[in-house]
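Here is a walk through one protein chain, stop by stop. Keep the sequence and the 3D view open while you read.

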Amino acid sequence: MQLKKHLRVSLSDNTLDDIILSHLQTAREWIEGYCDISLITQTRLMTLDNFPQVIELDSPPIQSVTSIQYIDQAGATQTLSSSVYTLDVSQKPGRIAPKINQYWPNHFPSESGAVFVTYVAGYGDYPIQVPQVAKTAIVYLVRNMLDFPEGDGMEVAFNAAKNIVRSLRWRPI
């Protein structure tokens, strides 16, 4: 485990593996939440009340759109053809908009949450694809969680981690 090496924990010592993995997940989720990004490839679902002019996808980087579904006037779920829309991943957030001479469907649902966008986000499937600054912050946070199991001192650690990952944030603080 590469993280154990950075933490200076013996690779043969398995007594802390479960704790390290738990802290790793906590640190990753904290960074993703604070920066509103996806570090590792993950499928996400966004629910909207209706079709806005442009759909902005949270938690970049965006890799692809799996599907756009909506509830039609009859109350049935429909899947929108990918030939109707385009995905712009060069922007943060990623944006979906109708192609030229295409339009979002007209629908008049009687309930909120009538549009469902399923998409894939993240830097990649492997830790090597995660930005180094995020990996540095993860090591820092996990080390502090191991050193301060009761939580004392973690406020300082999280404030320091905010400074480490600041460059990954795409929304203003």
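## Salt bridges in α2

Glu-32 and Arg-28 sit 4 residues apart in helix α2, which covers residues 17–35, and that spacing is about one turn of the helix. Their side chains form a salt bridge, with the closest N and O atoms 2.8 Å apart. One thing to keep in mind throughout: this is a predicted model. Residues three or four places apart on an α-helix point the same way, because the helix has 3.6 residues a turn. Side chains of opposite charge can then pair when their charged atoms come close.

Arg-28 has a second partner, Glu-29, and here the N to O distance is 4.0 Å. So how exposed are these three residues? Glu-32 is buried, at 10% relative accessible area, because the cut-off for buried is under 20%. Arg-28, at 23%, comes out as partly exposed, and Glu-29 is partly exposed too, at 40%.

## A matching pair in α3

How many salt bridges does the structure hold? There are 4. One of them links Asp-147 with Arg-143, the closest N and O atoms being 3.0 Å apart. Both belong to helix α3, and because they are 4 residues apart, about one helical turn separates them. Asp-147 is partly exposed at 43% relative accessibility, and Arg-143 is partly exposed as well, with 29%. Back in α2, salt bridges with shared partners tie Arg-28, Glu-29 and Glu-32 into one network.

## α3 and its packing against α4

Helix α3 runs over residues 132–147, 16 residues in total. From its first C-alpha to its last it reaches 22 Å, close to the 22 Å expected at 1.5 Å a residue. Which of its residues are buried? The list is Ala-134, Ala-137, Ile-138, Leu-141, Val-142, Asn-144, Met-145 and Leu-146.

Next comes the partner helix, α4, at residues 154–165. Two packed helices are described by the angle between their axes and the distance between the axes. For α3 and α4, the angle is about 175° and the axes are 9 Å apart. Angles over 145 degrees count as roughly antiparallel, so α3 and α4 are roughly antiparallel to each other.

On the α3 side, the contact is made by Val-133, Ala-134, Thr-136, Ala-137, Tyr-140, Leu-141, Asn-144 and Met-145. The α4 side brings in Met-154, Ala-157, Phe-158, Ala-160, Ala-161, Ile-164 and Val-165. What kinds of residues make up this contact? The split is 13 nonpolar, 2 polar and no charged. Among the α3 residues in the contact, Ala-134, Ala-137, Leu-141, Asn-144 and Met-145 are also on the buried list.

## Ile-55 and its surroundings

Ile-55 is in strand β2, which spans residues 55–57. Is it buried or exposed? At 1% relative accessibility, Ile-55 is buried, because anything under 20% falls in that class.

What does Ile-55 touch, leaving aside its neighbours within four places in sequence? Its contacts are Met-46, Leu-48, Gly-94, Arg-95, Ile-96, Trp-104 and Val-117. Leu-87 is another residue to look up: it is 32 residues from Ile-55 in sequence, and the two are 9.4 Å apart in space, C-alpha to C-alpha.

## Backbone details in the loops

The loop between β2 and β3 (62–71) contains Pro-61. A cis peptide bond joins Pro-60 and Pro-61, with omega about 0°. Ser-59 is found in the loop between β2 and β3 as well. Its phi is near 60°, a positive value in a residue other than glycine. Ser-59 is also buried, with a relative accessible area of 3%.

Where else does a cis peptide bond turn up? Lys-92 and Pro-93 are joined by one, with omega about 5°. Pro-93 lies in the loop between β5 (85–88) and β6 (94–98). Then there is Asp-36, in the loop between α2 and β1 (42–48). Asp-36 has a positive phi, near 55°, though it is not a glycine. With a relative accessible area of 17%, Asp-36 is buried.

Notes: Residues are numbered from 1 along each chain as its sequence is written. This is a predicted model: local features need pLDDT of at least 70, side-chain atom pairs count only at pLDDT 80 or more; totals for chains, interfaces and linings use all residues. Side-chain values use heavy atoms; hydrogens and water are left out. Helices (H or I, at least four residues) and strands (E, at least two) are DSSP runs, numbered from the N terminus. The expected span of a helix is 1.5 Å times one less than its number of residues. Buried means under 20% relative accessible area, exposed over 50%, partly exposed in between (1.4 Å probe, protein chains only). Axes are lines fitted to C-alpha atoms, for helices over the stretch in contact, and angles run from 0 to 180 degrees between N-to-C directions. Angles under 35 degrees count as roughly parallel, over 145 as roughly antiparallel, 65 to 115 as roughly perpendicular and the rest as oblique. Contact means heavy atoms within 4.5 Å. Ala, Val, Leu, Ile, Met, Phe, Trp, Tyr, Cys and Pro count as nonpolar, Asp, Glu, Lys and Arg as charged, and the others, Gly among them, as polar.
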